[in-house]
Amino acid sequence: MTSYKWEVGTVFASREEFKDTVIAYSVQTRRGLRYAKLDLVRVRAICQEGCPFWLYAAKMSEDETWQLRSMNLNYTCGQSHRVGIMHTGWLSKAFRKKVESNPKVKIKNLVNKAEKEMEFDSDNFNGNKV
Ligand SMILES: [Zn+2]
């Protein structure tokens with residue numbers, strides 16, 4: 001399946017939108033991404049130790065939007081069925097509601113895709129609750 005396409009320069013409505021996208025992407029690609037840096041002006045998401053993957057977003061000075069500034073989408077790690085950044089219940093009602101209540105959130109389709117993937121692959125999660 002096609003995963004989310006990161007492009008340097010992409011603008012996100014807020015830090016939360018960027019983080020939600022990282023989470024959905026993490027689920028889609030089955031990689032345990034985590035945040036190496038997470039503060040009010042920048043967020044850097046990385047993969048496992050030794051893996052060169054990263055995503056770096058920074059707040060734009062004039063308003064509340066965030067922009068993807070640099071990235072490295074090359075992995076050296078394998079895909080994992082264990083996704084560290086989230087739990088099996090990551091698509092909680094709260095998260096879904098948030099996405100659905102905000103038509104500007106571009107990750108809605110991504111979330112739907114990830115959800116389908118999870119359903120399709122649910123055997124892997126049964127008895128393997130985090
Ligand atoms: Zn990796």
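Arg30 counts as partly exposed because 16 C-beta neighbours lie inside 10 Å. The scale is this: a residue is buried with 20 or more other C-beta atoms within 10 Å of its own, exposed with 12 or fewer, and partly exposed in between, C-beta atoms being placed from the backbone. This is a predicted model, in which local features need pLDDT of at least 70, side-chain atom pairs count only at pLDDT 80 or more, and totals for chains, interfaces and linings use all residues. Residues are numbered from 1 along each chain as its sequence is written.

Arg30 sits in the loop between H1 and S2. Its place is just after H1, and its phi is positive, about 55 degrees. Arg30 is not glycine. Most residues other than glycine have a negative phi.

**The helix**

Helices (H or I, at least four residues) and strands (E, at least two) are DSSP runs, numbered from the N terminus. H1 has 15 residues and reaches 21 Å from its first C-alpha to its last. That is close to the 21 Å expected at 1.5 Å a residue; the expected span is 1.5 Å times one less than the number of residues. H1 is mostly covered, with 12 of its 15 residues buried. Among them are Phe18, Val22, Ile23, Tyr25 and Val27. Charged residues Arg15, Glu17 and Asp20 are also on the buried list.

**The sheet**

Five strands form an open sheet, ordered S1-S5-S4-S3-S2, with antiparallel pairing. Its edge strands are S1 (11–12) and S2 (34–38), each pairing on one side only. Two strands pair if DSSP finds at least two bridges between them. S4 (residues 54–59) is joined to S5 (residues 66–72) by six bridges. A hairpin of six residues links S4 to S5. S1 and S5 pair over two bridges, again antiparallel.

Bridge partners in S5:

| Residue | Partner in S5 |
|---|---|
| Lys59 | Trp66 |
| Trp54 | Asn72 |
| Phe12 | Trp66 |

Trp66 thus appears twice: it is the bridge partner of Lys59, and Phe12 stands opposite Trp66.

**Helix on sheet**

H1 (residues 15–29) lies across S1, S3 (42–46), S4 and S5. It runs at about 5 degrees to S3. Axes are lines fitted to C-alpha atoms, for helices over the stretch in contact, and angles run from 0 to 180 degrees between N-to-C directions. Contact here means C-beta atoms, placed from the backbone, within 7 Å.

Definitions and conventions: Contact = placed C-beta atoms within 7 Å.
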